[in-house]
Amino acid sequence: MIRLNNVIKQYDNFRMECSIHVPVGRITGLIGRNGAGKSTAFKAALGLIRTDGGSIEIFGKNVSQLTQSDREQIGVVLSDSGFCSYLTIRDFIPVLDTMYADFSKEKFTADCERMGLPLKKKIKEFSTGMKRKLQILAALSHNAKALILDEPTAGLDVVARDELLGLLREYAENGERSIVISSHISSDLEGICDDVYLIDDGKIVLHEDTDVLLSAYGVLKVTEEQFRNLDKSYLLETKKESFGYSCLTKRKQFYQDNYPSVVVERGSIDEVITMMTKH
């Protein structure tokens, strides 16, 4: 569905070179620190920036060959995008209707009301969270096959995040749609994504199924002496701490079985980001 193959983008002091594949029916997360390259990867996938190498395919076509009909099958939320602030949602509906052949006015209106968005209030008077809700609902409004969502839950409270994540789950239920989503809120990705890519300094440093990450990964908390005696064959990253070392592993069970005195904490997306990215 969406494929970036060795895509290169060179800026003065930053270079992105990454490969990402989002198959049909999958929800894929892209994680990483601020400035790691998440937004650059999304803009490259959409053809919004000129790349310096590699290839990008959506729906099996090079992104430069997508037709208008193809592009209508992509729903997008970018962190720095927005709408004309002087329009109301009622003003905005005819715009969407003109832009997308498969736009559903009834569903979009119902979703806006469900998410508590006033139809007659100017968008400039919306809170940050309300504007983000509107962006996401617009992306969902035209029956797109692929969704590219950059920080879609930023600025939302817990209840609103849960509601929107529920909408995304419903959207992907038919197994024919794909979603790639970035977020700094790890619980969002853990609860919705089938797999995650970790990008750091423009490069993919990890790709893993979410259920494997949550079940098999762990962080060992060991003293200096425990570290010296530890089998390090299955350690992915090691970080010096005041008490000794924190060690990231994909073989949590191995260490639990063979080193019962070692503290092994559950793996999480936050732990993976902390352990596998530059400090």
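Trainee: Why is Ala101 called exposed?

Mentor: Good place to start, and keep in mind that this is a predicted model. The relative accessible area of Ala101 is 73%. Exposed means over 50%, so Ala101 earns the word.

Trainee: Where does Ala101 lie?

Mentor: Ala101 sits in the loop between helix H3 and helix H4, the latter spanning 105–114. Its C-alpha atom is separated by 37 Å from that of Tyr11, with the two positions 90 residues apart along the chain.

Trainee: And Met130, why does that one count as buried?

Mentor: The same kind of reasoning helps here. Met130 has 18% relative accessibility. The cut-off for buried is under 20%, so Met130 counts as buried.

Trainee: What is Met130 in contact with, leaving aside its neighbours within four places in sequence?

Mentor: Met130 belongs to helix H5, and its contacts beyond those neighbours are with Leu117 and Pro118. For another distance, take Phe108: C-alpha to C-alpha, Met130 and Phe108 are 15 Å apart in space, and they are 22 residues apart in sequence.

Trainee: What makes helix H1 mostly covered?

Mentor: Count its residues. H1 runs over residues 38–45, and six of its eight residues are buried. Those buried residues are Lys38, Thr40, Ala41, Phe42, Ala44 and Ala45. After H1 comes Gly47, with a positive phi near 75 degrees.

Trainee: How many cavities of 30 Å³ or more are there?

Mentor: The count comes to one. That cavity holds about 70 Å³ of space.

Trainee: What makes it a cavity and not a pocket?

Mentor: The way out decides. In a cavity the probe fits but cannot get out, whereas a pocket is an open set of points.

Trainee: Which residues line the largest cavity?

Mentor: The lining is made of Ile2, Leu4, Ile20, Val22, Ala41, Phe42, Ala45, Ile148 and Val180. S1, S2 and H1 are the elements that give two or more residues to this lining. H1 has the largest share, with three residues.

Trainee: How do the residues of that lining divide into nonpolar, polar and charged?

Mentor: There are nine nonpolar, no polar and no charged residues in the lining of the largest cavity. You can check this by name: Ala, Val, Leu, Ile and Phe are among the types that count as nonpolar.

Trainee: Now the largest pocket. How much space lies in it, and which residues lie nearest its centre?

Mentor: The largest pocket has about 460 Å³ of space. It is lined by 19 residues, with Ile74, Gly75, Val76, Met99 and Tyr100 nearest the centre. At least two lining residues come from each of helix H2 (68–71), strand S6 (74–77), helix H3 (89–99) and helix H5 (128–140). S6 gives the most, four residues.

Trainee: How does the lining of the largest pocket divide by residue kind?

Mentor: This lining has 12 nonpolar residues, six polar and one charged. A caution for Gly75: Gly counts as polar here.

Trainee: How do you know that S1 and S2 pair?

Mentor: Two strands pair if there are at least two bridges between them. S1 and S2 (residues 15–22) have seven bridges, so they pass, and they pair in the antiparallel sense. One of the bridge pairs is Val7 with Cys18 in S2. A hairpin of four residues joins the two strands.

Trainee: How many bridges join S1 to S4?

Mentor: Five bridges join S1 (residues 2–10) to S4 (residues 53–58), and these strands run antiparallel. Ile2 stands opposite Ile58 in S4.

Trainee: What is the order of the strands in the open sheet, and what makes S12 and S14 its edges?

Mentor: The four strands come in the order S12-S13-S11-S14, with antiparallel pairing. S12 (235–240) and S14 (263–266) each have a single partner strand, so one side of each is left without a neighbour in the sheet. From one strand to the next, the twist averages 25 degrees.

Trainee: What joins S11 to S14, and which helix lies across these strands?

Mentor: S11 (residues 218–222) is joined to S14 by four bridges, and the two run antiparallel. Val219 stands opposite Glu265 in S14. Helix H11 (residues 269–276) lies across S11, S12, S13 and S14, at about 70 degrees to S12.

Methods: Residues are numbered from 1 along each chain as its sequence is written. This is a predicted model: local features need pLDDT of at least 70, side-chain atom pairs count only at pLDDT 80 or more; totals for chains, interfaces and linings use all residues. Side-chain values use heavy atoms; hydrogens and water are left out. On a 1 Å grid over the protein atoms alone, a cavity is a set of points where a 1.4 Å probe fits but cannot get out, and a pocket is an open set with protein on both sides within 12 Å along at least five of seven lines; lining residues have an atom within 4 Å of a point. Grid points are joined across faces, edges and corners, and a volume is the space filled by probe spheres set on the points. Axes are lines fitted to C-alpha atoms, for helices over the stretch in contact, and angles run from 0 to 180 degrees between N-to-C directions. Contact means heavy atoms within 4.5 Å. Buried means under 20% relative accessible area, exposed over 50%, partly exposed in between (1.4 Å probe, protein chains only).
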